[in-house]
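Visitor: I'm new here and would love a friendly tour. Could you show me the model before I start asking things?

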Amino acid sequence: MEKNDKDTDLHDDHNDKSKEEEKGDTVSDANLPEDGINKENVDIGNADTDHNQEDNADKVNSPLGQEESPPPEIPQTIESLSEELDQLLKSLSLHKDVNTEEEKGDQEDGYFQIPQFVGKFLDLFEDKLSKHDSSDPKTTWYHDPEEVSSLLDAVDRVSNLMELLLNTKSCLDHHESLINHAGSIQQRAMAFLEDEFRLLLEESVIKEPTVVTDDNQQDHHNDSQDQDQGNVDTEGGDEKIEYPGYSEEMVVLLRKIVEKMKGAGYGCECREAYLVGRRNILLRTLKRDCEFEKVSIDEVQKMSWGELEREIPIWNKTVKDCSSLFFPGELKLAEKIFPEDKGSLFCIITHGLAIQFLGFAEAVAMTRRSTEKLFKILDIYETLRDSFPVMEELLPEELRSELRSEVNSARSRLGETAINIFSDLENSIKSDSSKTPVPGGAVHPLTRYTMNYLKYSCEYKDTLEQVFKSHSKMEEEESTERAFASQLMRIMDFLDGNMEAKSKLYKDIPLSCIFMMNNGRYIVQKIKGSAEIHEVMGDTWCRKRSSELRTYHKNYQRETWGKLLGFLGHEGLMHNNKIVKPNLKERFKSFNATFDEIHKTQTTWVVNDEQLQSELRVSITAVMIPAYRAFMARFGQYLDPGRQTEKYVKYQPEDIEDLIDQLFEGNTSSSSTATAKRRT
């Protein structure tokens with residue numbers, strides 16, 4: 001607007017006013033007079049009128065032709081002018097409707113005069129905006145309900161004024177400067193509301209709970225920081241603030257701002273401010289509460305497994321929290337602030353994040369396979385299975401179908417990876433061809449690793465059954481309800497075959513039996529100690545394996561102690577009912593030497609399972625001690641007391657029993673210790 005235009009308009013308007021002063025300074029809605037005098041609007045935006053013109057008008061209106069003192073001015077406020085402006089807007093709306101009908105009849109649009117107080121109202125409103133724009137901090141006006149009402153109502157009036165001015169032909173023809181002035185103020189008001197809307201979104205999340213005192217006064221503790229928890233309980237009251245943590249009063253205010261901006265034609269700007277604000281807040285919340293940060297597929301595939309092991313639990317927590325808390329909270333907030341939005345804002349804020357979650361899952365599935373990754377992959381699979389259906393329900397149908405398709409694709413890739421990891425484990429067992437026997441016949445490391453791996457796997461039993469059933473490439477007839485159980489059985493068979501082959505590496509048959517007992521017992525105990533794996537393998541399998549262990553036990557006892565028992569027989573010791581002493585002495589010597597060798601060797605053997613160790617010792621004692629005691633009772637008396645007895649009777653039955661209890665300790669020094677004990 002140019003100042004010269006303003007002065008010309010005001011000069012013409014005051015000439016018109018002086019001619020019609022007798023009718024009073026009122027709003028006139030009349031056609032131009034027939035004498036053709038050109039009437040322009042009195043533009044309030046140009047309130048700086050020429051004081052000399054006003055003085056001349058006062059003199060003309062004086063009945064004595066003398067200058068009168070002006071009446072005292074009453075201070076004008078937005079509130080005092082609002083009622084007059086409302087009446088004017090009604091008149092202008094009626095004028096627009098009437099002249100719209102006349103235009104249909106090809107009649108000329110009538111002129112509508114705008115009174116001065118409109119400009120004054122605009123100036124006062126502009127002053128109010130300037131006051132709040134310059135305040136520090138800016139977001140303080142909303143604490144005063146009267147100020148909120150005054151400011152937002154003024155926004156409404158300016159918006160309505162602009163709409164009527166722009167849609168009334170006579171106003172477009174005669175009040176261009178007023179339209180420009182009002183439009184400029186409206187733009188400033190919209191910019192102010194947009195900034196305030198953004199700041200309120202960012203800074204009005206409740207940090208501390210609201211304390212309700214006995215006199216119903218509320219003490220708001222707001223330090224402009226985000227709420228650390230999903231819910232904030234109100235101490236002493238029933239109000240609960242849920243994520244994202246805005247009070248109901250703040251939600252109402254935000255909704256009102258949206259309504260005012262939308263009514264002024266600035267709905268897109270408001271939506272954009274909301275999208276940017278809430279997206280940033282959500283990402284900050286996920287970083288703060290879940291330690292989550294966006295990573296690309298390329299970044300995931302470049303990570304070491306150690307890095308991924310730290311990232312995957314963060315991903316799981318983030319997805320679960322988004323499903324149960326953050327996404328539902330975002331949907332509720334968007335529905336409250338934008339009631340007619342129908343979920344589009346929520347979708348824009350969250351849909352991209354959900355797709356990013358899926359990208360991470362697929363990237364993990366595409367990393368190099370290894371058995372150690374199985375359980376983290378299953379964690380991701382379960383999260384997709386359990387959490388994403390809740391997310392899907394929050395979305396409209398078209399996006400729901402798209403997301404479901406993406407989830408199924410990610411789950412399929414993860415499932416195939418898990419199955420392939422089991423195949424890799426199976427192949428590694430089959431191909432393990434190490435030729436070095438485990439010292440002492442102890443449990444083989446492959447057995448320990450495989451059983452611990454399977455035991456842990458069975459904690460995911462239901463998930464693995466689902467994975468094998470849904471994503472396995474096996475033939476149709478093999479794909480049963482117990483697909484995972486079948487896979488487990490195959491692995492156990494391969495492990496058993498591998499241990500059988502490794503037992504043949506021992507030249508000593510009793511030691512190979514100990515090796516098979518150790519490994520077999522370890523497997524059975526692992527299965528019995530885990531309800532999950534026991535349920536998969538079943539009692540029948542356990543009974544069969546226990547029977548095999550008893551067979552190895554018998555073979556060990558026969559190969560080791562059967563030979564020693566042969567020295568305690570009667571054959572060859574008597575001739576013509578007389579004891580053949582040389583043979584008896586040789587028999588004692590052979591027994592002692594053989595027992596010493598067994599003791600020396602088998603004290604270095606290892607049986608870590610205490611129950612198996614005890615069972616072996618008890619069974620050996622049960623066989624050897626009665627037989628040795630009987631042999632001593634029958635033939636010990638035929639040796640001369642003294643040197644002969646000490647030379648040939650090296651052990652008493654109690655000594656044999658003590659030495660048996662030293663077997664399978666894996667202790668190379670046990671033999672010398674036992675000898676020292678016997679000599680004391």
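Guide: Let's start at a cavity, the second largest one: helix H17 (483-503), helix H18 (509-528) and helix H19 (531-566) each give at least two residues to its lining. Keep in mind that this is a predicted model.

Visitor: Which residues line that second largest cavity?

Guide: The helices H17, H18 and H19 each supply at least two of them. By class, the lining splits into 5 nonpolar, 2 polar and 3 charged residues. The names are Asp-496, Met-499, Met-516, Asn-519, Gly-520, Ile-523, Arg-545, Glu-548, Leu-549 and Tyr-552.

Visitor: How much space lies in the second largest cavity?

Guide: Cavities of 30 Å³ or more are the ones counted here, and there are 4 of them. For the second largest, the space is about 60 Å³.

Visitor: Stepping back, how many helices and strands are in the chain?

Guide: The chain has 680 residues, and buried ones make up 45% of them. Among contacts with a separation of 6 or more, 78% join residues 24 or more positions apart. As for the elements, the chain holds 24 helices and 6 strands.

Visitor: And what share of the area the chain exposes do carbon and sulfur atoms supply?

Guide: The chain exposes about 35,400 Å². Of that area, the part from carbon and sulfur atoms is 47%.

Visitor: At roughly what angle do the axes of helix H8 and helix H9 cross?

Guide: Two packed helices are described by the angle between their axes and the distance between the axes. Helix H8 covers residues 248-263 and helix H9 covers residues 267-290, and their axes come within 7 Å. The crossing angle is roughly 145°.

Visitor: Which residues of H9 do Val-258, Met-261 and Lys-262 meet?

Guide: Those three residues sit on the H8 side of the contact. Sorted by class, the contact of H8 with H9 has 3 nonpolar, 1 polar and 2 charged residues. On the H9 side, the partners are Gly-267, Glu-269 and Cys-270.

Visitor: Is Asn-280 buried, partly exposed or exposed?

Guide: Asn-280 is in helix H9. Its C-alpha is 9.0 Å from that of Glu-202, although 78 residues separate the two in sequence. Asn-280 has 34% relative accessibility, and since buried means under 20% and exposed means over 50%, the word for Asn-280 is partly exposed.

Visitor: What about Glu-291, is that one buried or exposed?

Guide: Glu-291 lies in the loop between H9 and helix H10 (297-302). Glu-291 is not a glycine, yet it has a positive phi of about 60°. Its relative accessible area is 56%, which is over the 50% cut-off, so Glu-291 is exposed.

Visitor: And Phe-664, buried or exposed?

Guide: Phe-664 also has a positive phi, near 65°, and is a residue other than glycine. Its place is in the loop between helix H23 (653-660) and helix H24 (670-679). With a relative accessible area of 1%, under the 20% cut-off, Phe-664 is therefore buried.

Visitor: Which residues is Val-319 in contact with, leaving aside its neighbours within four places in sequence?

Guide: Val-319 is part of helix H11 (residues 305-337) and is buried, with a relative accessible area of 0%. Its C-alpha is 9.7 Å from that of Leu-286, 33 residues away along the chain. The contacts of Val-319 beyond those neighbours are Phe-357, Thr-383, Ser-387, Phe-388 and Met-391.

Visitor: How far apart in space are Gly-359 and Val-407, C-alpha to C-alpha?

Guide: Gly-359 lies in helix H12 (residues 344-365). At 17% relative accessibility, under the 20% limit, Gly-359 counts as buried. Gly-359 and Val-407 are 48 residues apart in sequence, and in space the distance is 9.8 Å.

Visitor: Last one: which residues is Lys-376 in contact with, leaving aside its neighbours within four places in sequence?

Guide: Lys-376 belongs to helix H13 (residues 374-394) and is partly exposed, with a relative accessible area of 22%. The C-alpha atoms of Lys-376 and Pro-313 are separated by 8.2 Å, with the two 63 residues apart along the chain. Pro-313 is also one of the contacts of Lys-376; the full list is Trp-305, Glu-309, Ile-312 and Pro-313.

Notes. Residues numbered from 1 in each chain as written. Predicted model: local features only at pLDDT ≥ 70, side-chain atom pairs only at ≥ 80, totals over all residues. Heavy atoms only, no water. Axes fitted to C-alpha atoms, helices over the stretch in contact; angles between N-to-C directions. Helix = DSSP H or I, 4+ residues; strand = E, 2+ residues; numbered from the N terminus. Contact = heavy atoms within 4.5 Å. Nonpolar A, V, L, I, M, F, W, Y, C, P; charged D, E, K, R; others polar. Buried < 20%, exposed > 50% of the residue type's maximum accessible area, 1.4 Å probe, protein only. 1 Å grid on protein atoms, 1.4 Å probe; cavity = no way out; pocket = protein on both sides within 12 Å on 5 of 7 lines; lining within 4 Å. Points joined across faces, edges and corners; volume = space filled by probe spheres on them. Areas by Shrake-Rupley, 256 points an atom, 1.4 Å probe, with all protein chains shown as cover.
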